[in-house]
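Work through these exercises with the structure open beside you. Try each task before you read its solution.

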Amino acid sequence: MIETPARRTGLLSRRRQVVVGLALTAAVAVPSTAAAQSVAMSVDASRPGAKIDRNLFGQFAEHLGHGIYEGVWVGLDSKIPNTRGIRNDVVAALKALKVPNVRWPGGCFADEYHWRKGIGPSRPVTLNPNWGGVTESNAFGTHEFMDFLGQIGAEAFLSVNLGSGTPQEAAEWLEYLTTAEPTALAKERAANGHPSPYKVLYLGIGNESWDCGGNMTPDYYSSQLKIYSRFVRNFNPAQQKDPHRMLKIAVGPGGDGPRWTEWTDAIMKAWQARQWSWDMDGLSLHNYTVVKWPPAYKSVGFGEAEYSQILKSTLEMDRLLATHSAIMDKYDPEKKIALVVDEWGAWYARLPGSKEGFLVQQNSLRDGVLAALNLNIFARHADRVRMANIAQMVNVLQAMILTDMERMVLTPTYHVFRMYVPFQDATFVPVAFEAGSYTHGGSTLPRLDAIAARDAAGKLWLAVTNLDPNRPLTLEANLTGLTPKSAGGETLTAPRVDSINSFEAPSTVAPKPVAAKVRGATLALTLEPKSVTVISVE
Ligand code: AHR
(Lines give C-alpha, C1' and ligand atoms only; values in the text may rest on other atoms or scores of the structure.)
Protein backbone atom coordinates (compact mmCIF):
# COMPACT_ATOMS: atom_id res chain seq x y z
CA MET A 1 0.00 0.00 0.00
CA ILE A 2 1.33 3.40 -0.96
CA GLU A 3 1.44 6.04 1.69
CA THR A 4 1.85 9.74 2.03
CA PRO A 5 3.17 10.99 5.35
CA ALA A 6 0.51 13.69 5.48
CA ARG A 7 -2.33 11.27 5.96
CA ARG A 8 -1.16 9.92 9.25
CA THR A 9 -1.27 11.73 12.56
CA GLY A 10 2.11 13.32 13.19
CA LEU A 11 3.97 15.00 15.96
CA LEU A 12 4.49 18.25 14.16
CA SER A 13 1.25 20.05 14.70
CA ARG A 14 0.58 22.83 17.16
CA ARG A 15 1.21 22.33 20.84
CA ARG A 16 -1.83 21.40 22.82
CA GLN A 17 -1.60 21.77 26.52
CA VAL A 18 -5.00 20.47 27.39
CA VAL A 19 -8.17 18.82 26.36
CA VAL A 20 -11.46 18.84 26.88
CA GLY A 21 -15.11 19.79 26.30
CA LEU A 22 -15.39 22.09 29.22
CA ALA A 23 -12.00 21.44 30.78
CA LEU A 24 -10.03 24.26 32.32
CA THR A 25 -6.46 24.54 31.12
CA ALA A 26 -3.31 24.48 33.20
CA ALA A 27 -0.13 25.14 31.29
CA VAL A 28 2.15 24.83 34.30
CA ALA A 29 4.42 21.79 34.42
CA VAL A 30 3.87 19.90 37.66
CA PRO A 31 6.98 18.80 39.56
CA SER A 32 7.66 15.09 39.32
CA THR A 33 6.73 13.48 42.63
CA ALA A 34 4.93 10.27 43.43
CA ALA A 35 2.49 12.04 45.80
CA ALA A 36 -1.12 12.03 44.61
CA GLN A 37 -2.18 15.49 43.57
CA SER A 38 -5.82 16.37 44.09
CA VAL A 39 -7.80 17.56 41.07
CA ALA A 40 -11.24 19.12 41.28
CA MET A 41 -13.81 18.15 38.69
CA SER A 42 -17.39 19.22 38.25
CA VAL A 43 -19.92 17.01 36.52
CA ASP A 44 -23.17 18.65 35.51
CA ALA A 45 -25.71 15.88 35.07
CA SER A 46 -28.48 18.46 34.64
CA ARG A 47 -27.11 19.56 31.24
CA PRO A 48 -27.35 16.58 28.90
CA GLY A 49 -25.54 16.79 25.55
CA ALA A 50 -25.51 14.64 22.42
CA LYS A 51 -26.10 10.91 22.30
CA ILE A 52 -22.85 8.91 22.26
CA ASP A 53 -23.84 6.63 19.40
CA ARG A 54 -23.14 2.98 20.06
CA ASN A 55 -21.72 2.79 16.55
CA LEU A 56 -18.67 4.68 17.82
CA PHE A 57 -17.59 1.34 19.26
CA GLY A 58 -17.58 -0.44 15.88
CA GLN A 59 -15.00 -2.92 14.66
CA PHE A 60 -13.15 -3.39 11.38
CA ALA A 61 -12.27 -6.85 10.04
CA GLU A 62 -10.33 -7.08 6.79
CA HIS A 63 -9.05 -10.05 4.83
CA LEU A 64 -5.54 -9.26 6.00
CA GLY A 65 -3.04 -11.54 7.71
CA HIS A 66 -4.85 -13.56 10.38
CA GLY A 67 -7.65 -11.02 10.84
CA ILE A 68 -10.25 -13.34 9.32
CA TYR A 69 -8.53 -16.65 8.68
CA GLU A 70 -7.60 -18.13 12.09
CA GLY A 71 -8.81 -14.98 13.89
CA VAL A 72 -12.49 -15.57 13.11
CA TRP A 73 -12.74 -18.43 10.63
CA VAL A 74 -11.17 -21.80 11.35
CA GLY A 75 -13.41 -23.91 9.13
CA LEU A 76 -15.87 -26.69 9.81
CA ASP A 77 -13.23 -29.38 10.23
CA SER A 78 -11.06 -27.48 12.71
CA LYS A 79 -10.19 -28.91 16.12
CA ILE A 80 -10.63 -25.40 17.49
CA PRO A 81 -14.17 -25.29 18.91
CA ASN A 82 -16.35 -23.54 16.36
CA THR A 83 -19.89 -22.97 15.22
CA ARG A 84 -20.23 -23.42 11.48
CA GLY A 85 -16.51 -22.68 11.09
CA ILE A 86 -16.46 -19.54 13.29
CA ARG A 87 -14.38 -19.88 16.44
CA ASN A 88 -16.42 -19.94 19.65
CA ASP A 89 -13.85 -18.29 21.93
CA VAL A 90 -13.60 -15.19 19.72
CA VAL A 91 -17.39 -14.97 19.40
CA ALA A 92 -17.84 -15.19 23.18
CA ALA A 93 -15.23 -12.48 23.77
CA LEU A 94 -16.76 -10.15 21.19
CA LYS A 95 -20.29 -10.66 22.56
CA ALA A 96 -19.12 -9.09 25.82
CA LEU A 97 -18.14 -5.95 23.89
CA LYS A 98 -21.66 -5.56 22.46
CA VAL A 99 -20.06 -4.83 19.09
CA PRO A 100 -22.53 -2.58 17.26
CA ASN A 101 -21.24 -3.09 13.70
CA VAL A 102 -18.40 -4.73 11.81
CA ARG A 103 -16.87 -3.19 8.69
CA TRP A 104 -15.93 -5.84 6.11
CA PRO A 105 -14.26 -7.06 3.82
CA GLY A 106 -11.72 -4.17 3.80
CA GLY A 107 -9.87 -1.82 3.65
CA CYS A 108 -7.80 -1.92 0.52
CA PHE A 109 -8.93 -5.54 0.14
CA ALA A 110 -12.52 -4.39 -0.50
CA ASP A 111 -11.60 -2.67 -3.75
CA GLU A 112 -10.30 -5.95 -5.15
CA TYR A 113 -13.01 -8.18 -3.68
CA HIS A 114 -15.47 -9.88 -5.99
CA TRP A 115 -18.32 -11.20 -3.89
CA ARG A 116 -19.38 -13.98 -6.24
CA LYS A 117 -16.14 -15.80 -5.51
CA GLY A 118 -17.19 -16.07 -1.86
CA ILE A 119 -20.58 -17.80 -2.23
CA GLY A 120 -21.70 -21.30 -3.05
CA PRO A 121 -20.21 -24.73 -2.63
CA SER A 122 -17.19 -24.27 -4.86
CA ARG A 123 -14.98 -21.26 -4.23
CA PRO A 124 -12.03 -20.33 -6.41
CA VAL A 125 -8.68 -19.59 -4.79
CA THR A 126 -7.68 -16.03 -5.59
CA LEU A 127 -4.93 -13.64 -4.50
CA ASN A 128 -4.66 -10.96 -1.85
CA PRO A 129 -2.14 -8.64 -3.53
CA ASN A 130 -2.45 -5.85 -0.95
CA TRP A 131 -1.51 -7.89 2.06
CA GLY A 132 1.41 -10.20 1.57
CA GLY A 133 0.40 -11.52 -1.85
CA VAL A 134 -1.00 -14.64 -0.18
CA THR A 135 -3.81 -16.77 -1.52
CA GLU A 136 -7.40 -16.09 -0.55
CA SER A 137 -9.48 -19.23 -0.21
CA ASN A 138 -12.77 -17.31 -0.27
CA ALA A 139 -13.97 -19.77 2.39
CA PHE A 140 -15.16 -16.81 4.44
CA GLY A 141 -17.60 -14.98 2.20
CA THR A 142 -20.97 -13.27 2.37
CA HIS A 143 -22.91 -15.99 4.22
CA GLU A 144 -20.10 -16.66 6.68
CA PHE A 145 -19.80 -12.95 7.45
CA MET A 146 -23.53 -12.60 8.04
CA ASP A 147 -23.48 -15.75 10.20
CA PHE A 148 -20.60 -14.28 12.22
CA LEU A 149 -22.57 -11.05 12.74
CA GLY A 150 -25.56 -13.06 13.90
CA GLN A 151 -23.38 -14.94 16.39
CA ILE A 152 -21.94 -11.77 17.94
CA GLY A 153 -25.11 -9.67 17.55
CA ALA A 154 -23.66 -6.91 15.33
CA GLU A 155 -24.89 -5.08 12.23
CA ALA A 156 -23.30 -5.29 8.79
CA PHE A 157 -21.14 -2.49 7.43
CA LEU A 158 -20.24 -3.64 3.92
CA SER A 159 -17.57 -1.90 1.86
CA VAL A 160 -18.40 -2.32 -1.81
CA ASN A 161 -15.77 -2.55 -4.52
CA LEU A 162 -15.66 0.77 -6.32
CA GLY A 163 -12.01 0.55 -7.36
CA SER A 164 -11.90 -2.55 -9.56
CA GLY A 165 -15.56 -3.58 -9.57
CA THR A 166 -18.57 -2.14 -11.32
CA PRO A 167 -21.79 -0.54 -10.12
CA GLN A 168 -23.59 -3.59 -11.52
CA GLU A 169 -21.47 -5.99 -9.44
CA ALA A 170 -22.17 -3.99 -6.27
CA ALA A 171 -25.86 -3.61 -7.12
CA GLU A 172 -26.19 -7.36 -7.62
CA TRP A 173 -24.46 -8.06 -4.30
CA LEU A 174 -27.04 -5.96 -2.52
CA GLU A 175 -29.88 -7.55 -4.46
CA TYR A 176 -28.50 -10.99 -3.60
CA LEU A 177 -28.35 -10.05 0.07
CA THR A 178 -31.57 -8.11 0.51
CA THR A 179 -34.36 -8.83 -1.94
CA ALA A 180 -37.46 -10.71 -0.79
CA GLU A 181 -38.73 -11.09 -4.35
CA PRO A 182 -38.21 -14.40 -6.19
CA THR A 183 -35.44 -13.13 -8.46
CA ALA A 184 -32.67 -15.35 -9.77
CA LEU A 185 -30.29 -13.86 -7.21
CA ALA A 186 -32.74 -14.41 -4.33
CA LYS A 187 -33.14 -18.04 -5.43
CA GLU A 188 -29.38 -18.44 -5.50
CA ARG A 189 -29.19 -17.02 -1.97
CA ALA A 190 -31.86 -19.47 -0.85
CA ALA A 191 -30.02 -22.34 -2.52
CA ASN A 192 -26.94 -21.25 -0.57
CA GLY A 193 -28.86 -21.59 2.68
CA HIS A 194 -30.57 -18.27 3.38
CA PRO A 195 -34.07 -17.90 1.95
CA SER A 196 -34.97 -14.75 3.89
CA PRO A 197 -33.37 -11.41 3.04
CA TYR A 198 -30.39 -10.24 5.06
CA LYS A 199 -30.27 -6.89 6.79
CA VAL A 200 -27.49 -4.55 5.67
CA LEU A 201 -27.53 -1.37 7.71
CA TYR A 202 -24.36 0.37 6.51
CA LEU A 203 -22.83 0.59 3.06
CA GLY A 204 -19.34 2.00 2.47
CA ILE A 205 -19.01 3.24 -1.11
CA GLY A 206 -15.33 2.53 -1.80
CA ASN A 207 -12.33 2.71 0.51
CA GLU A 208 -9.54 5.28 0.43
CA SER A 209 -10.44 6.02 -3.19
CA TRP A 210 -7.75 8.71 -3.11
CA ASP A 211 -5.06 6.03 -2.62
CA CYS A 212 -5.26 2.22 -2.60
CA GLY A 213 -8.89 2.48 -3.79
CA GLY A 214 -7.93 3.94 -7.17
CA ASN A 215 -6.04 7.20 -6.63
CA MET A 216 -9.04 9.29 -7.67
CA THR A 217 -9.47 13.04 -7.54
CA PRO A 218 -12.37 14.30 -5.42
CA ASP A 219 -14.33 15.20 -8.56
CA TYR A 220 -13.83 11.80 -10.13
CA TYR A 221 -14.81 10.08 -6.88
CA SER A 222 -17.91 12.30 -6.54
CA SER A 223 -19.10 11.13 -9.97
CA GLN A 224 -18.61 7.50 -8.93
CA LEU A 225 -20.31 8.11 -5.60
CA LYS A 226 -23.42 9.43 -7.35
CA ILE A 227 -23.62 6.33 -9.56
CA TYR A 228 -23.11 3.83 -6.71
CA SER A 229 -25.44 5.73 -4.41
CA ARG A 230 -28.15 5.64 -7.08
CA PHE A 231 -27.88 2.03 -8.18
CA VAL A 232 -26.67 0.02 -5.18
CA ARG A 233 -30.03 -0.41 -3.49
CA ASN A 234 -31.21 -2.23 -0.45
CA PHE A 235 -34.42 -4.13 -1.25
CA ASN A 236 -35.12 -5.59 2.18
CA PRO A 237 -38.81 -4.74 2.85
CA ALA A 238 -37.97 -4.14 6.51
CA GLN A 239 -35.33 -1.59 5.58
CA GLN A 240 -37.26 0.88 3.47
CA LYS A 241 -37.82 3.49 6.19
CA ASP A 242 -35.93 5.12 9.05
CA PRO A 243 -34.56 3.97 11.43
CA HIS A 244 -33.89 0.72 9.52
CA ARG A 245 -32.91 2.34 6.22
CA MET A 246 -29.44 1.45 4.93
CA LEU A 247 -27.02 4.34 5.48
CA LYS A 248 -24.52 5.13 2.73
CA ILE A 249 -21.04 6.25 3.69
CA ALA A 250 -18.84 8.09 1.21
CA VAL A 251 -15.05 8.07 1.18
CA GLY A 252 -13.76 11.02 3.15
CA PRO A 253 -10.39 12.43 4.14
CA GLY A 254 -7.28 10.53 5.19
CA GLY A 255 -5.67 13.01 7.53
CA ASP A 256 -4.47 16.52 7.97
CA GLY A 257 -3.51 19.25 5.49
CA PRO A 258 -4.94 20.85 2.33
CA ARG A 259 -5.27 17.63 0.34
CA TRP A 260 -7.71 16.37 2.92
CA THR A 261 -9.62 19.55 3.67
CA GLU A 262 -10.11 19.96 -0.10
CA TRP A 263 -11.42 16.41 -0.30
CA THR A 264 -13.98 16.98 2.47
CA ASP A 265 -14.96 20.30 0.93
CA ALA A 266 -15.48 18.79 -2.52
CA ILE A 267 -17.62 15.86 -1.35
CA MET A 268 -19.73 17.99 0.96
CA LYS A 269 -20.19 20.60 -1.77
CA ALA A 270 -21.35 17.87 -4.18
CA TRP A 271 -23.75 16.62 -1.53
CA GLN A 272 -25.19 20.08 -0.91
CA ALA A 273 -25.95 20.37 -4.65
CA ARG A 274 -27.42 16.85 -4.82
CA GLN A 275 -30.45 15.94 -6.92
CA TRP A 276 -33.22 13.53 -5.90
CA SER A 277 -31.39 10.62 -7.48
CA TRP A 278 -28.59 10.19 -4.96
CA ASP A 279 -27.73 10.85 -1.35
CA MET A 280 -25.31 9.88 1.37
CA ASP A 281 -25.55 9.64 5.15
CA GLY A 282 -21.92 9.64 6.26
CA LEU A 283 -18.46 10.77 5.28
CA SER A 284 -15.62 8.52 6.34
CA LEU A 285 -12.34 9.66 7.91
CA HIS A 286 -9.26 7.49 8.33
CA ASN A 287 -6.58 8.40 10.82
CA TYR A 288 -3.96 6.16 12.35
CA THR A 289 -1.60 7.03 15.19
CA VAL A 290 1.75 6.26 13.65
CA VAL A 291 4.00 9.34 14.16
CA LYS A 292 6.27 8.48 11.24
CA TRP A 293 5.76 6.53 8.07
CA PRO A 294 6.60 3.71 7.47
CA PRO A 295 5.58 2.65 10.97
CA ALA A 296 8.70 2.41 13.11
CA TYR A 297 7.54 2.62 16.72
CA LYS A 298 7.74 -0.65 18.61
CA SER A 299 4.51 -2.12 19.98
CA VAL A 300 6.33 -3.69 22.96
CA GLY A 301 9.77 -3.19 24.48
CA PHE A 302 9.59 0.60 24.62
CA GLY A 303 9.89 3.19 27.37
CA GLU A 304 8.37 6.43 28.56
CA ALA A 305 9.66 8.46 25.59
CA GLU A 306 7.67 6.35 23.12
CA TYR A 307 4.69 6.23 25.49
CA SER A 308 4.44 10.02 25.68
CA GLN A 309 5.14 10.58 21.96
CA ILE A 310 2.49 8.14 20.79
CA LEU A 311 -0.14 9.48 23.21
CA LYS A 312 0.63 13.07 22.24
CA SER A 313 0.24 12.09 18.62
CA THR A 314 -3.07 10.31 19.18
CA LEU A 315 -4.58 13.42 20.76
CA GLU A 316 -4.33 15.05 17.33
CA MET A 317 -7.53 13.19 16.52
CA ASP A 318 -9.42 15.96 18.29
CA ARG A 319 -8.12 18.73 16.04
CA LEU A 320 -8.64 16.60 12.94
CA LEU A 321 -12.28 16.00 13.81
CA ALA A 322 -12.80 19.68 14.60
CA THR A 323 -11.25 20.70 11.25
CA HIS A 324 -13.38 18.37 9.15
CA SER A 325 -16.52 18.98 11.22
CA ALA A 326 -16.15 22.72 10.60
CA ILE A 327 -16.03 22.13 6.82
CA MET A 328 -19.07 19.87 7.06
CA ASP A 329 -20.92 22.51 9.08
CA LYS A 330 -20.59 24.90 6.12
CA TYR A 331 -22.60 22.61 3.86
CA ASP A 332 -24.63 20.73 6.45
CA PRO A 333 -25.37 22.93 9.46
CA GLU A 334 -28.10 20.53 10.57
CA LYS A 335 -25.50 17.77 10.90
CA LYS A 336 -27.43 15.30 8.75
CA ILE A 337 -24.21 13.72 7.52
CA ALA A 338 -22.25 11.78 10.12
CA LEU A 339 -18.48 11.88 10.24
CA VAL A 340 -17.54 8.19 10.33
CA VAL A 341 -14.03 7.41 11.62
CA ASP A 342 -14.07 3.96 10.07
CA GLU A 343 -10.34 3.33 10.47
CA TRP A 344 -8.46 4.45 13.55
CA GLY A 345 -5.93 3.08 16.00
CA ALA A 346 -2.19 2.70 16.52
CA TRP A 347 -0.02 1.42 13.69
CA TYR A 348 3.41 0.21 14.82
CA ALA A 349 6.34 -1.65 13.24
CA ARG A 350 5.45 -5.27 12.57
CA LEU A 351 6.59 -7.75 15.21
CA PRO A 352 9.99 -9.27 14.39
CA GLY A 353 9.50 -12.60 12.66
CA SER A 354 5.96 -11.82 11.51
CA LYS A 355 5.09 -11.85 7.84
CA GLU A 356 5.38 -8.63 5.91
CA GLY A 357 1.96 -7.28 5.03
CA PHE A 358 0.24 -9.08 7.90
CA LEU A 359 0.40 -6.00 10.17
CA VAL A 360 1.04 -8.03 13.32
CA GLN A 361 1.75 -5.94 16.40
CA GLN A 362 1.51 -6.30 20.16
CA ASN A 363 -1.02 -4.42 22.25
CA SER A 364 0.21 -2.87 25.48
CA LEU A 365 -1.17 -0.80 28.32
CA ARG A 366 -0.28 2.23 26.17
CA ASP A 367 -2.86 1.03 23.64
CA GLY A 368 -5.51 0.76 26.32
CA VAL A 369 -4.84 4.37 27.30
CA LEU A 370 -4.77 5.38 23.62
CA ALA A 371 -8.14 3.72 23.02
CA ALA A 372 -9.70 5.53 25.98
CA LEU A 373 -8.37 8.90 24.79
CA ASN A 374 -9.82 8.37 21.32
CA LEU A 375 -13.18 7.15 22.61
CA ASN A 376 -13.31 10.27 24.79
CA ILE A 377 -12.57 12.47 21.78
CA PHE A 378 -15.33 10.77 19.77
CA ALA A 379 -17.76 11.28 22.65
CA ARG A 380 -16.94 15.00 22.77
CA HIS A 381 -17.67 15.22 19.03
CA ALA A 382 -20.77 13.04 19.29
CA ASP A 383 -23.04 15.54 17.57
CA ARG A 384 -21.14 15.01 14.30
CA VAL A 385 -19.07 11.85 14.85
CA ARG A 386 -21.62 9.05 15.08
CA MET A 387 -19.70 6.00 13.97
CA ALA A 388 -16.11 4.71 14.27
CA ASN A 389 -14.33 1.44 13.60
CA ILE A 390 -11.08 0.55 15.27
CA ALA A 391 -8.47 -1.12 13.04
CA GLN A 392 -8.68 -4.00 13.44
CA MET A 393 -10.75 -6.48 15.42
CA VAL A 394 -8.50 -9.59 15.66
CA ASN A 395 -4.75 -10.13 15.05
CA VAL A 396 -4.22 -6.99 12.94
CA LEU A 397 -2.93 -3.56 14.09
CA GLN A 398 -4.61 -2.39 17.33
CA ALA A 399 -6.58 -5.57 17.90
CA MET A 400 -9.07 -6.52 20.61
CA ILE A 401 -7.99 -10.14 20.45
CA LEU A 402 -4.83 -12.02 19.51
CA THR A 403 -4.87 -15.68 18.58
CA ASP A 404 -2.23 -18.32 18.01
CA MET A 405 -3.92 -21.37 16.60
CA GLU A 406 -6.14 -22.63 19.45
CA ARG A 407 -4.95 -20.01 21.95
CA MET A 408 -6.58 -16.61 22.41
CA VAL A 409 -5.71 -13.60 24.55
CA LEU A 410 -7.63 -10.39 25.27
CA THR A 411 -5.63 -7.21 24.84
CA PRO A 412 -5.61 -4.04 26.98
CA THR A 413 -7.60 -2.38 24.16
CA TYR A 414 -10.24 -5.09 24.53
CA HIS A 415 -10.55 -4.34 28.24
CA VAL A 416 -11.07 -0.64 27.60
CA PHE A 417 -13.77 -1.36 25.01
CA ARG A 418 -15.46 -3.66 27.54
CA MET A 419 -15.24 -1.10 30.32
CA TYR A 420 -16.77 1.55 27.99
CA VAL A 421 -19.83 -0.56 27.04
CA PRO A 422 -22.11 1.55 29.32
CA PHE A 423 -21.29 4.59 27.18
CA GLN A 424 -22.98 3.01 24.14
CA ASP A 425 -26.02 5.18 23.33
CA ALA A 426 -25.62 7.06 26.62
CA THR A 427 -26.14 10.83 26.78
CA PHE A 428 -23.05 13.01 27.05
CA VAL A 429 -22.75 14.97 30.29
CA PRO A 430 -20.33 17.92 30.49
CA VAL A 431 -17.36 17.73 32.84
CA ALA A 432 -15.00 20.55 33.78
CA PHE A 433 -11.61 19.98 35.38
CA GLU A 434 -8.06 21.19 35.63
CA ALA A 435 -6.29 18.75 33.32
CA GLY A 436 -2.82 19.66 34.49
CA SER A 437 0.10 18.52 32.42
CA TYR A 438 2.55 15.68 32.14
CA THR A 439 5.87 16.29 30.39
CA HIS A 440 8.47 13.83 29.25
CA GLY A 441 11.32 14.85 26.98
CA GLY A 442 9.82 17.15 24.38
CA SER A 443 6.26 15.95 24.87
CA THR A 444 3.76 17.75 27.06
CA LEU A 445 0.34 16.20 27.41
CA PRO A 446 -2.69 16.75 29.59
CA ARG A 447 -2.28 14.70 32.71
CA LEU A 448 -5.96 13.87 33.05
CA ASP A 449 -8.74 13.17 30.60
CA ALA A 450 -12.38 12.44 31.37
CA ILE A 451 -15.88 12.09 29.99
CA ALA A 452 -19.24 11.49 31.65
CA ALA A 453 -22.58 10.23 30.40
CA ARG A 454 -25.97 9.03 31.59
CA ASP A 455 -27.33 5.73 30.37
CA ALA A 456 -30.93 4.99 29.41
CA ALA A 457 -31.77 4.18 33.05
CA GLY A 458 -30.39 7.57 34.16
CA LYS A 459 -27.28 6.14 35.79
CA LEU A 460 -24.21 8.37 35.62
CA TRP A 461 -20.95 6.95 34.26
CA LEU A 462 -17.54 8.55 34.49
CA ALA A 463 -14.45 7.52 32.49
CA VAL A 464 -11.19 9.01 33.71
CA THR A 465 -7.67 8.47 32.43
CA ASN A 466 -4.49 9.39 34.28
CA LEU A 467 -1.96 9.71 31.46
CA ASP A 468 0.96 10.35 33.81
CA PRO A 469 2.91 7.09 34.12
CA ASN A 470 4.64 8.15 37.35
CA ARG A 471 2.20 9.98 39.58
CA PRO A 472 -1.16 8.98 41.03
CA LEU A 473 -3.91 11.54 41.09
CA THR A 474 -6.82 12.05 43.48
CA LEU A 475 -9.99 13.13 41.83
CA GLU A 476 -12.62 15.11 43.70
CA ALA A 477 -15.69 15.15 41.47
CA ASN A 478 -18.54 17.40 42.43
CA LEU A 479 -21.88 16.35 40.96
CA THR A 480 -24.75 18.64 40.03
CA GLY A 481 -28.20 17.31 39.17
CA LEU A 482 -27.77 14.04 41.05
CA THR A 483 -27.30 12.89 44.63
CA PRO A 484 -24.74 10.08 44.81
CA LYS A 485 -25.06 7.22 47.31
CA SER A 486 -22.15 5.09 46.20
CA ALA A 487 -19.76 4.87 43.27
CA GLY A 488 -17.46 2.19 41.98
CA GLY A 489 -16.24 0.39 38.93
CA GLU A 490 -13.04 -0.87 37.37
CA THR A 491 -9.56 0.40 36.72
CA LEU A 492 -7.00 -0.80 34.19
CA THR A 493 -3.29 -0.36 34.73
CA ALA A 494 -0.14 -2.48 34.73
CA PRO A 495 3.43 -2.47 36.01
CA ARG A 496 4.94 -0.88 32.90
CA VAL A 497 3.83 1.37 30.06
CA ASP A 498 4.55 -1.49 27.65
CA SER A 499 3.03 -4.30 29.72
CA ILE A 500 1.13 -6.75 27.54
CA ASN A 501 -1.05 -9.79 27.94
CA SER A 502 0.64 -12.87 26.51
CA PHE A 503 -0.72 -16.37 25.97
CA GLU A 504 1.39 -17.46 28.94
CA ALA A 505 0.43 -14.51 31.17
CA PRO A 506 -2.96 -13.32 29.92
CA SER A 507 -3.90 -11.17 32.93
CA THR A 508 -0.92 -8.83 33.30
CA VAL A 509 -3.14 -5.99 32.10
CA ALA A 510 -6.60 -6.72 33.48
CA PRO A 511 -9.26 -4.50 35.05
CA LYS A 512 -9.62 -4.63 38.81
CA PRO A 513 -12.40 -3.26 41.02
CA VAL A 514 -12.19 0.26 42.37
CA ALA A 515 -14.46 2.20 44.72
CA ALA A 516 -14.92 5.93 45.21
CA LYS A 517 -15.63 7.63 48.53
CA VAL A 518 -18.87 9.59 48.54
CA ARG A 519 -19.23 12.72 50.70
CA GLY A 520 -22.41 14.67 50.03
CA ALA A 521 -22.31 15.58 46.35
CA THR A 522 -18.60 14.79 45.99
CA LEU A 523 -16.85 11.61 44.89
CA ALA A 524 -13.20 11.07 45.78
CA LEU A 525 -11.19 8.56 43.82
CA THR A 526 -7.48 7.86 43.48
CA LEU A 527 -6.32 7.19 39.94
CA GLU A 528 -3.21 5.09 39.61
CA PRO A 529 -0.47 6.26 37.24
CA LYS A 530 -1.10 5.31 33.55
CA SER A 531 -4.60 4.07 34.22
CA VAL A 532 -8.08 4.05 32.71
CA THR A 533 -10.97 3.98 35.18
CA VAL A 534 -14.71 3.69 34.56
CA ILE A 535 -17.12 4.10 37.47
CA SER A 536 -20.86 4.31 37.82
CA VAL A 537 -22.67 6.41 40.37
CA GLU A 538 -25.62 4.94 42.21
O1 AHR B 1 -6.14 -1.16 8.08
C2 AHR B 1 -5.15 -1.40 7.15
C3 AHR B 1 -5.28 -0.55 5.89
O4 AHR B 1 -5.13 0.80 6.20
C5 AHR B 1 -6.62 -0.59 5.19
O6 AHR B 1 -6.76 -1.66 4.33
C7 AHR B 1 -6.61 0.69 4.40
O8 AHR B 1 -7.90 1.19 4.17
C9 AHR B 1 -5.76 1.61 5.25
O10 AHR B 1 -4.82 2.26 4.50
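**Exercise 1.** Sort the shell around the ligand in this predicted model by residue class.

*Solution.* Start with the nonpolar class: the shell has seven such residues. Next come three polar residues. Five charged residues complete the shell.

**Exercise 2.** Find which residues come nearest to the ligand.

*Solution.* There are 15 residues around the ligand. From these, pick out Glu 62, Cys 108, Glu 208, Tyr 288 and Glu 343, which come nearest.

**Exercise 3.** Examine how Cys 108, Tyr 288 and Gln 392 meet the ligand, then state how much of the ligand's area the protein covers.

*Solution.* A polar contact needs N or O atoms within 3.5 Å. Take Cys 108: a polar atom of its backbone is 2.9 Å from a ligand oxygen. For Tyr 288, use the side chain: a polar atom there lies 2.6 Å from an oxygen of the ligand. In Gln 392, a side-chain N or O atom is 3.0 Å from a ligand oxygen. Now the cover: on its own, the ligand has 280 Å² of accessible area, and the protein covers 100% of that.

**Exercise 4.** Describe the largest nonpolar core, then locate another one.

*Solution.* Count the members: 127 residues. Phe 148, Trp 344 and Tyr 420 touch the most other members. Helix α9, residues 365–380, gives the most to this core: ten residues. Apart from this core lies another, of 27 residues, including Val 43, Leu 448, Leu 475 and Leu 523. Nonpolar side chains tend to be buried together in soluble globular proteins.

**Exercise 5.** List what Phe 148 touches, leaving out residues up to four places away in sequence.

*Solution.* Read along the chain. Phe 148 touches Val 72, Ile 86, Val 91, Leu 94, Val 102, Phe 140 and Met 393.

How values were computed:
Residues are numbered from 1 along each chain as its sequence is written. This is a predicted model: local features need pLDDT of at least 70, side-chain atom pairs count only at pLDDT 80 or more; totals for chains, interfaces and linings use all residues. Side-chain values use heavy atoms; hydrogens and water are left out. A nonpolar core is a set of buried Ala, Val, Leu, Ile, Met, Phe, Trp, Tyr and Cys residues joined through side-chain atoms within 4.5 Å. Buried means under 20% relative accessible area, exposed over 50%, partly exposed in between (1.4 Å probe, protein chains only). Helices (H or I, at least four residues) and strands (E, at least two) are DSSP runs, numbered from the N terminus. Contact means heavy atoms within 4.5 Å. A residue is near a molecule or strand if one of its heavy atoms lies within 4 Å of it. A polar contact is a pair of N or O atoms within 3.5 Å; within protein, one must be able to donate a hydrogen and the other to accept it, and residues adjacent in sequence count only if both atoms are side-chain atoms. Accessible areas come from the Shrake-Rupley method with a 1.4 Å probe; for residues, only the protein chains shown count as cover. Ala, Val, Leu, Ile, Met, Phe, Trp, Tyr, Cys and Pro count as nonpolar, Asp, Glu, Lys and Arg as charged, and the others, Gly among them, as polar.
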